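Work through the exercises below with the sequence and the coordinates side by side, and try each task before reading its solution.

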Amino acid sequence: MSHKPAGPLSLVPFVSVEHMMQLVLTIGIEEVLIGLAREIEQDFRRWELFDKIPRVASHSNDGVIELMPTSDGNVYSFKYVNGHPKNIRSGRQTVTAFGMLADVATGYPLLLTEMTLLTALRTAATSAVAGKYLAPKDSRVMAIIGNGAQCEFQALAFKAICGIDTVHLYDVDPAATAKAMANLTGSALNLVPCSSAEEAIEHAQIITTCTADKQYATILTDNMVGTGIHINAIGGDCPGKTELHRDILIRSDIFVEYPPQTRIEGEIQQLDAESPVTELWKVISGEVPGRSGGNQLTVFDSVGFAIEDFSALRYIYEKIKETPHFVALDLIADPDEPRDLFGMLKRAAA
């Protein structure tokens with residue numbers, strides 16, 4: 001990866017929402033998901049090189065605003081992201097985001113980009129990477145409980161990366177299911193709308209929960225979930241918000257991204273601080289096994305972590321080269337003489 005900004009040092013590539021959409025559509029949605037998954041796996045294999053802290057969160061009664069920074073020593077990244085479930089009532093997104101990639105050696109930014117779409121894509125890619133290692137072999141049927149903004153991305157990621165061919169869809173709002181059905185038409189997936197969560201999970205080898213309410217919730221009760229399946233729990237992502245009954249967790253093998261963050265924000269906030277979990281990077285790198293038996297119940301307690309955003313930003317930085325899908329922002333002051341910033345300001349008035 002080249003760390004030197006192209007052109008004048010003041011200019012930084014910026015990928016707008018429109019540019020991101022055109023880039024993704026030009027490459028192909030499933031190809032982007034596969035590419036992101038590849039980058040995420042590669043970075044998880046070098047997990048120990050990265051700076052790691054739980055995201056810096058500012059919580060309110062309405063939602064949360066977070067910063068998610070990391071660096072591998074050569075490149076630095078951060079993401080600004082919010083989570084405001086009530087936004088949907090006023091026609092706004094529940095989650096929005098933007099991010100930056102920077103050169104550690106100079107501190108100069110390399111890329112500024114929208115990350116609302118990119119976060120949806122990288123979240124789905126991360127889920128499918130986990131499914132690749134944790135789901136029952138030859139899984140073909142997935143249930144998605146919660147058919148909001150993340151639903152279609154999850155369906156396509158598991159199709160492209162894990163080979164899913166049938167998706168059972170359920171949401172408390174039938175309009176959300178109808179939206180997902182319409183959006184996934186032509187995807188070659190067998191789509192089954194369901195009238196209850198119980199109906200949706202029947203015969204499913206993978207269950208994805210992705211609801212949005214910021215509260216303790218029980219989307220899946222213990223008696224609903226048998227053995228031999230994989231649960232991809234992505235909706236619980238802040239303190240006070242969960243989707244799975246505690247008893248499901250007690251009898252599961254639980255896999256997480258970064259335990260200090262997941263114990264605050266994930267499903268395992270319901271468990272004792274000493275409860276055993278396995279870090280996903282150790283499975284991907286071959287240090288520990290993932291799924292080890294046919295009757296095993298696995299849970300990927302995903303809250304999203306900065307290294308996944310780093311991977312996504314790095315992927316976009318490489319993909320925009322030699323394309324028209326960005327603009328150059330005059331973002332960094334670049335005086336002719338580095339010490340004469342005031343002189344640059346005065347000359348602008350001439």
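**Exercise 1. Find the residue in E16 that is the bridge partner of Ile231, and then place the two strands within their sheet.**

Step 1. In this predicted model, the bridge partner of Ile231 in E16 is Val299.

Step 2. The pairing extends beyond these two residues, since strand E12 (residues 230-233) and strand E16 (residues 298-301) run in the parallel sense and are joined over four bridges.

Step 3. Both strands belong to an open sheet of eight strands with parallel pairing, whose order reads E9-E8-E7-E10-E12-E16-E14-E15. At the edges stand strand E9 (190-193) and strand E15 (278-279), and each has a single partner strand, so one side of each is left without a neighbour in the sheet.

**Exercise 2. Determine which parts of the chain are tied together by the salt bridge between Asp309 and Lys79, and whether the two residues are buried or exposed.**

Step 1. The side chains of Asp309 and Lys79 meet at 2.9 Å, N to O, and this contact is one of 18 salt bridges in the structure.

Step 2. Asp309 lies in helix H10 (residues 306-319), whereas Lys79 lies in strand E4 (residues 75-83), so the pair ties together parts that are 230 residues apart in sequence.

Step 3. Asp309 and Lys79 are both buried.

**Exercise 3. Examine the salt bridge between Lys179 and Glu152 in the same manner.**

Step 1. The side chains of Lys179 and Glu152 meet at 3.0 Å, N to O. The pair links helix H5 (residues 174-183), which holds Lys179, with helix H4 (residues 151-162), which holds Glu152, and the two residues are 27 residues apart.

Step 2. Lys179 is partly exposed, with a relative accessible area of 29%, while Glu152 is buried, with a relative accessible area of 11%.

**Exercise 4. Decide how many disulfides the model contains, and explain why Cys210 and Cys151 do not form one.**

Step 1. A disulfide requires two cysteine sulfur atoms within 2.5 Å, and by this rule the count is zero. Cys194 is in no disulfide, as the nearest cysteine sulfur, that of Cys151, is 11 Å away.

Step 2. For Cys210 the closest cysteine sulfur is also in Cys151, at 5.9 Å, which is too far for a bond.

Step 3. Cys194 is buried, with a relative accessible area of 11%, and Cys210, at 12% relative accessibility, also counts as buried.

How values were computed: Residues numbered from 1 in each chain as written. Predicted model: local features only at pLDDT ≥ 70, side-chain atom pairs only at ≥ 80, totals over all residues. Heavy atoms only, no water. Buried < 20%, exposed > 50% of the residue type's maximum accessible area, 1.4 Å probe, protein only. Pairing = 2+ DSSP bridges. Salt bridge = Lys/Arg side-chain N within 4 Å of Asp/Glu carboxyl O.
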